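Visitor: Please pick one part of this model and take me through it closely, then show me what goes on elsewhere. I'd like the cut-offs as we go.

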Amino acid sequence: MLPGSFDFRSRPTTPTPPGGLPGLGIISNDLKEQANQYGLLVTAELDIAVQRCKSKVEKLAAECRRGNRRYRDIDFDFIEDQDLCLHGLSKSSIYSPSDVLRVTQIFDNPKFFVDGATSGDLAQGAIGDCWFISAMAIVASAGLIEKICVARDEQVGIYGFIFWRDCGWVDVIIDDLLFTKVPRFEELSAYDQGLYQDDRDQYNRTARKGSKTLYFARSRTDNETWVPLLEKAYAKLHGDYASLEGGYTRQAVEDLTGSVSTLIHVQDILDIDRFWNDELMKTKDDRLFACFTRYYDHCQVPAGVNPIDDSDFLSVWGLVEKNHIFDDSWVVSSLWVKVDAGEHPRPWSFGDISYQISIPKATSAIIVLAQLDTRYFDELAGCYMWSLDFTVSKKGDGEVLGSSYYSSQDERSVKLEVNLEEGEYVVHVRLERMDRWDKRSKTYITENIGSWDMRKYSKKRVEYTQSHSIAANFDPTKFNFLTIPAETYPGKTVTEIELEALAQVGAKRAARKAAFEPEPEPEPEKPAEEKKPEEKEEEKKDEKKADEPEVKVKDTAIPVVTEPPKDGADSSSSEIVIVEKTDTEGSAPAKSDEKDAESKPSTSASKEPPSADSEEKKESDKDGAEKKEDGKDEKKEGDKEEKKEEKKEEGKSADEKPSTDATPPVVAKPEPPKLTHFGVMCSGCKGNIDGELHYCTHVSCVSFTLCEKCMKRDVHEKDHIFLKLELPEDTTRLTENPGGENDSLVVGLRVYTHKSSPAIITAQLRHGNIIRHAVTAPRYL
């Protein structure tokens, strides 16, 4: 039995307080009158879960009627799979019911409620789940049981319930088969059969009828069935009845209502009158309470003490369990993240994870930090128990605004009630590990898996995977028991589902490739191929032809420039000057003198070729022009040589007489070679990372790294923050001292605010030992 759990089977017999259970003080009996003002936590999933549950019950009931049969739940089958329904993997507790009967076989006139659900209806059975029985009593006193059982068909024998699990509502469908403790007549000894005069019918009418024949929880009101059926649904939710052995009432109330719980030590109360007025007297508004004392891990109430007597409160009760319930004016935001706390042992400190809360409008708030409910997979939960703690501060402000209330070391959740103004807030979390009560080793699963039933192990592993899948950084590739929702299959063949899955994978891959595909590099210029001698000769001939002036007979082939008539000349006549091709690009065309132009016949008047004398004169003029150009070129070359000599002389004189004012020449340093981050590949281009490595810090990006080129493309989410690591030694700090599966924990932050101011939550994880490398240790005097 877990420390802090309670078992009525071994407790001393004490009087039961009026309207309550043995060992439990119920301070919520008047809540039924106010039930319309509050109830189950209203979330977007609540209506979905209720409608889904109702739809399942209606379809299954209709199917049973078509087949003329009662409903039997093959996932939690008491007839064919009794051992799987009763026991866990370890079989630490052995339960041996005698028979399985339907509700209609046990009760003559079965009814789900008889005069409503009250806290006095409940009686514990053969299992140590007094904590859950107490929770049912509290919820019944608040009038909320009917909101938990949302659908039923008592004739067919099918019932639908909803429960809060970690971060949302889930539905559970059961049949009406129940375990009984009275054996069949044929199993009796001859002596026992003789006690009933060997009359089977008489035996069945007297010994095997009514609530007292039930093996587990029952109602004290005859023919009332809601107590054993609700307990059965809760057992199915957690996999078996053995999982209900030991627990806390406040946590069961959370599961039934979606409320937020707190454990209060009476010794810690500063002002008992203020606590009485501000807390206990609000049971008609939004509070549910249970009080108990603990001696040797048993619950008991001293005889003759009124459980709600102010004067005796401190002397009687040792602990108070409070649950804050909500109406539809509240809304909850949550974010769950898997945290690697590093290899144990290590210091108990902050820095593994932080949350940022954005509040759009001033509101009262309840901030809850929780871990997964491991009751679903307790044997696979690891070798440590975890203690949670957190602080809240305004972003940019170095002062702590508030801290979570401390209650006990193994709490499933801790909380803080605070009023928040509009703005940004930071939550820092501290995690501490403790050895479990059963002192498990890190190889506990490996050591015991050989003795476990593999069917049961598979079911527990599915629950383990399902719980962990709510984390924002959940990596499905590391879990082999991730089931596909049943809604995926109807109307499609397995091949069609596979094709759809591959199409989705291909679309994601194509999108990533398009986002990170490197830009095409320019094609290098091809080296010019060496030409053949014949081709070279042809090119020379073409060049010579191009240098020769173009003179053609046709007017359209001769480029001409028309000059305007000179002063005193006839405006009707104009000069036509032939423009020759020149080798110098952009140079002005050479003009012939006026005499040549006058002697030249007009192209518009005659098309005869020029005379031989004019040709010779043109050749001589051309030779003279070329000589002039050669002379100019020689003069330019001479000037260049003279300037070079002058510069050399100036340089020599400068060397002989160095100037004191001259600054030394700046020598460019060669760029250092880019170092490779070995073992890390770019998530974009899938290549090695040289130089800068950019590591995404967002919790949804698991080991997402980019090289410098892919980072510059700016294709990743805009709001994600990256760490820039330049050296490979910095990269190794990302993976320093990682913990194993036993050293990780899934934690969730839930923020309850008024509907007008819903909170927005983001999370930030520690990356390796970067913080510890950066922070200098304090010096002590």
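Guide: A helix's expected span is 1.5 Å times one less than its number of residues, and helices (H or I, at least four residues) and strands (E, at least two) are DSSP runs, numbered from the N terminus. This is a predicted model, where local features need pLDDT of at least 70, side-chain atom pairs count only at pLDDT 80 or more, and totals for chains, interfaces and linings use all residues. Residues are numbered from 1 along each chain as its sequence is written, and side-chain values use heavy atoms, with hydrogens and water left out.

Let's zoom in on H8, residues 226-237. From its first C-alpha to its last, this 12-residue helix reaches 16 Å, close to the 16 Å expected at 1.5 Å a residue. Of those 12 residues, 11 are buried, so H8 is largely enclosed by the rest of the structure (buried is under 20% relative accessible area, exposed over 50%, partly exposed in between, with a 1.4 Å probe and protein chains only). The buried set runs through Trp226, Val227, Pro228, Leu229, Leu230, Glu231, Lys232, Ala233, Tyr234, Ala235 and Leu237. Just past the end of H8, Gly239 takes a positive phi of about 105°.

Two of those H8 residues turn up again in the largest nonpolar core (buried Ala, Val, Leu, Ile, Met, Phe, Trp, Tyr and Cys joined through side-chain atoms within 4.5 Å). That core has 73 residues, and Trp226 and Leu230 sit with Phe161 and Phe163 among those with the most contacts inside it. Helix H4 (residues 130-141) gives the most to this core, with 9 residues. Phe161 touches Leu229, Leu230 and Ala233, and its other contacts include Cys53, Phe112, Ile148 and Val170, leaving out residues up to four places away in sequence (a contact is heavy atoms within 4.5 Å). There's also a second, separate core of 34 residues, with Val339, Ile357, Ala365 and Leu388 among its members.

For another enclosed helix, look at H9 (residues 249-257): 9 of its 9 residues are buried, so the rest of the structure largely encloses it. Charged names such as Arg250, Glu254 and Asp255 are among the buried ones. Gly258, just after H9, has a positive phi of about 75°.

Further along, Trp386 lies in strand E17 (residues 384-394) and is buried at a relative accessible area of 6%. Its C-alpha is 5.6 Å from that of Glu432, though the two are 46 residues apart along the chain. Ser404 is in the loop between strands E18 (400-403) and E19 (413-420), and at 11% relative accessibility Ser404 counts as buried. Ser404 touches Asp389, Phe390, Val414, Lys415 and Leu416, again ignoring residues up to four places away.

Out at higher numbers, three strands form an open antiparallel sheet in the order E26-E25-E27. E26 (705-706) and E27 (722-725) are the edges, each with a single partner strand, so one side of each has no neighbour in the sheet. E25 (residues 693-696) and E26 are joined by 2 bridges (two strands pair if DSSP finds at least two bridges between them), and Tyr695 has Thr705 as its bridge partner in E26.

Now for confidence: the mean pLDDT (the predictor's confidence in each residue, from 0 to 100) is 76, and 69% of residues reach 70 or more. Residues 1-37 stay under 50, and residues 295-307 are below 50 too. Where pLDDT is low, the predicted coordinates should not be read in detail.
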